[in-house]
Amino acid sequence: MTTQRIHAAMIQILKPLVSFLMFLIVLFSISTILTITTGFPAWLSATVSVVCATFAAWFTWKLVAGERISTLVAVTGGALILGGLFFTLGFLGPMVISKDTSQGSMIGLFIAAPLGLVVGAIGGYVYASRQNAAEEI
């Protein structure tokens, strides 16, 4: 097999795996944040969570495939993915490391998630800008 065929096969394997993982992470983070911070009915929280998670999975699919992504989609997708990832690590991490702290999960809610949103949005913008600059050359 040539290197190009191996690369294409790896992309075909990674696309569904990474997209599904991002779907689960964003679904968990959005539903947890909505449950903690709002008084929305359960159906509305579930609907918003599934829509955001589906968007993140679609964005991840396009990102892994190397397809062109618009700036708005890159900024939103990057914010959702890194915000969800940071929230999950910040929310569950303290629970794993030190089980006796009652407020450890607040790190994910008040520090990690907002930081992840900002870093993800900036990263998405930079990615889309570089992609657009590469097309102009």
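Q: Let's start with Leu 24, which helix is it in?
A: Leu 24 is part of helix 1. Bear in mind that this is a predicted model.

Q: Is Leu 24 buried, exposed or partly exposed?
A: Leu 24 is partly exposed, at 39% relative accessibility.

Q: And how many Å separate the C-alpha atoms of Leu 24 and Gly 108?
A: The separation is 17 Å, for two residues that are 84 apart along the chain.

Q: OK, step back a bit. How many helices and strands does the chain have?
A: Four helices and zero strands. In sequence order the pattern reads α-α-α-α.

Q: What does the C-alpha trace span along its principal axes?
A: About 55 × 30 × 30 Å.

Q: What share of the residues counts as buried?
A: The chain has 137 residues, and 33% of them count as buried.

Q: What about the accessible surface, how much is there and what share belongs to carbon and sulfur atoms?
A: The surface comes to about 8,400 Å², with 75% of that belonging to carbon and sulfur atoms.

Q: Which residues form a nonpolar patch on the surface?
A: The patch consists of Ile 6, Met 10, Ile 13, Leu 14 and Leu 17. Together they have about 460 Å² of accessible area.

Q: Where does Leu 14 lie?
A: Leu 14 sits in helix 1, which covers residues 3–37. With a relative accessible area of 35%, Leu 14 is partly exposed, so it passes the cut-off of over 30% that patch residues need.

Q: Right next to it, Lys 15: buried or exposed?
A: Lys 15 is buried, with a relative accessible area of 10%. Lys 15 also lies in helix 1.

Q: Why does 10% count as buried for Lys 15?
A: Because buried means under 20% relative accessible area, and Lys 15 has 10%.

Q: What is Lys 15 in contact with, leaving aside neighbours within four places in sequence?
A: Lys 15 contacts Trp 61, Val 64 and Ala 65. As for Leu 63, its C-alpha is 8.8 Å from that of Lys 15, and the two are 48 residues apart in sequence.

Q: Switching to charges, how many salt bridges does the count come to?
A: The count is one salt bridge. Its partners are Glu 67 and Lys 62, with their closest N and O atoms 3.0 Å apart.

Q: Why does the pair of Glu 67 and Lys 62 count as a salt bridge?
A: Because the cut-off for the nitrogen and the carboxyl oxygen is within 4 Å, and the closest N and O atoms here are 3.0 Å apart.

Q: How accessible is Glu 67?
A: Glu 67 is partly exposed, at 34% relative accessible area. Its partner Lys 62 counts as buried, at 17% relative accessibility.

Q: How far apart are the mean positions of the positive and negative charges?
A: They are 8 Å apart, taken over 6 positive and 4 negative charges.

Q: New topic, the threonines. Where is Thr 32, and is it buried or exposed?
A: Thr 32 is in helix 1 and counts as buried, at 14% relative accessibility.

Q: What touches Thr 32, neighbours within four places aside?
A: Phe 87 and Phe 91 are in contact with Thr 32.

Q: And Thr 88, where does that one lie?
A: Thr 88 lies in helix 3, residues 71–97. At 13% relative accessibility, Thr 88 is buried. Beyond residues up to four places away in sequence, Thr 88 touches Ile 25, Phe 28, Ser 29 and Gly 93.

Q: What about the glycines, where is Gly 124?
A: Gly 124 is in helix 4, residues 106–136. Gly 124 is buried at 6% relative accessibility.

Q: Which residues does Gly 124 contact, leaving aside those within four places?
A: Ala 74 and Val 75. With Val 48, the C-alpha to C-alpha distance is 21 Å and the sequence separation is 76 residues.

Q: And Gly 123, buried or partly exposed?
A: Gly 123 is partly exposed, at 36% relative accessibility, and lies in helix 4. The C-alpha atoms of Gly 123 and Gly 78 are 6.5 Å apart, with their positions 45 residues apart along the chain.

Q: Last one: among contacts between residues at least 6 apart in sequence, what share joins residues at least 24 apart?
A: That share is 69%.

Methods:
Residues are numbered from 1 along each chain as its sequence is written. This is a predicted model: local features need pLDDT of at least 70, side-chain atom pairs count only at pLDDT 80 or more; totals for chains, interfaces and linings use all residues. Side-chain values use heavy atoms; hydrogens and water are left out. Helices (H or I, at least four residues) and strands (E, at least two) are DSSP runs, numbered from the N terminus. Buried means under 20% relative accessible area, exposed over 50%, partly exposed in between (1.4 Å probe, protein chains only). Contact means heavy atoms within 4.5 Å. Accessible areas come from the Shrake-Rupley method with a 1.4 Å probe; for residues, only the protein chains shown count as cover. Lys and Arg count as positive and Asp and Glu as negative; His and the chain ends are not counted. The place of a charge is taken as NZ of Lys, CZ of Arg, CG of Asp or CD of Glu. A salt bridge is a side-chain nitrogen of Lys or Arg within 4 Å of a carboxyl oxygen of Asp or Glu. Patches are made of residues with over 30% relative accessible area and no salt bridge: like charges are joined within 9 Å, nonpolar side chains (Val, Leu, Ile, Met, Phe, Trp, Tyr) within 5 Å.
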